Amino acid sequence: MSKPKKTVSAKTELPFGVGDAILIRTVTMIQVGRVRTIAPDFIVLDDAGWVADTGRFSAALTSGALNEFERAPSWIMVGRGAIVDVYPWSNSLTQ
């Protein structure tokens, strides 16, 4: 008989919250913005846009310099199931 598997609580705290600026890499895209809402299945970003080209990724994270950025006309909703990783964004959101 096998042992039951351990599960992670759905209430695990995230290292970011509402009002924080973050960069999200998904399986297909990269978005930068300020967190408006964190829901079980999605995150909504304000002051946001799509990053088509970061250039050197570590340089983008430290300096905020992006080779190509397209601002969204409104908010962006990112499905949490598509998220690969999330980074704090301590740079300007006005590209």
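Two residues are in contact here when heavy atoms of each lie within 4.5 Å. Keep that in mind as you click through this predicted model.

**Stop 1: Ala60 and its surroundings**

Start by selecting Ala60. Leaving aside neighbours within four places in sequence, Ala60 is in contact with Thr54, Ala65, Leu66, Trp89 and Asn91. Now widen the selection to the largest nonpolar core, a set of 11 residues that includes Ala60, Leu61, Leu66 and Trp89. To show the whole set, add Ala21, Leu23, Ile30, Val32, Val51, Phe69 and Leu93. Colour by secondary structure and look at S1, S2 and H1: each of them supplies at least two residues of this core.

There is another core, lying apart from that one, with 10 residues. Ile24, Val35, Ile43 and Leu45 are among them, so to speak your handles for finding this second core.

**Stop 2: an aromatic pair**

How many aromatic pairs does a search of the whole structure find? The search finds 1. Select Phe57 and Tyr87 and show their side chains: the rings meet edge-to-face, 5.1 Å from centre to centre, with 75 degrees between the planes. Phe57 belongs to helix H1 (residues 57–63) and Tyr87 to strand S6 (residues 83–88), so the pair ties together parts that are 30 residues apart in sequence.

Are these two rings' residues buried, exposed or partly exposed? Phe57 has a relative accessible area of 22%, so this residue is partly exposed. Tyr87 is partly exposed as well, because its relative accessibility is 23%.

Before you leave Phe57, add Arg25 to the view. Arg25 lies over the face of the Phe57 ring, at 4.4 Å from the ring centre.

**Stop 3: Thr26 and Gln31**

Next, select Thr26, which lies in strand S1 (residues 21–26). With a relative accessible area of 13%, Thr26 is buried, since the cut-off for that label is under 20%. Show what surrounds this threonine: not counting residues up to four places away in sequence, Thr26 touches Gln31, Val78, Ala82, Ile83 and Val84.

Follow the contact to Gln31, in strand S2 (residues 30–38). Gln31 counts as buried because its relative accessibility is 7%. Which residues does Gln31 contact, leaving aside its neighbours within four places in sequence? They are Ile22, Leu23, Ile24, Thr26, Leu45, Gly49, Ile76 and Val78. Val78 is also on the list for Thr26, and Leu23 takes you back to the largest nonpolar core.

Technical notes: Residues numbered from 1 in each chain as written. Predicted model: local features only at pLDDT ≥ 70, side-chain atom pairs only at ≥ 80, totals over all residues. Heavy atoms only, no water. Helix = DSSP H or I, 4+ residues; strand = E, 2+ residues; numbered from the N terminus. Buried < 20%, exposed > 50% of the residue type's maximum accessible area, 1.4 Å probe, protein only. Phe/Tyr/Trp six-rings, centres within 6.5 Å; stacked < 30°, edge-to-face > 60°. Lys NZ or Arg CZ within 6 Å of the ring centre and 35° of its normal. Core = buried A, V, L, I, M, F, W, Y, C linked by side-chain atoms within 4.5 Å.
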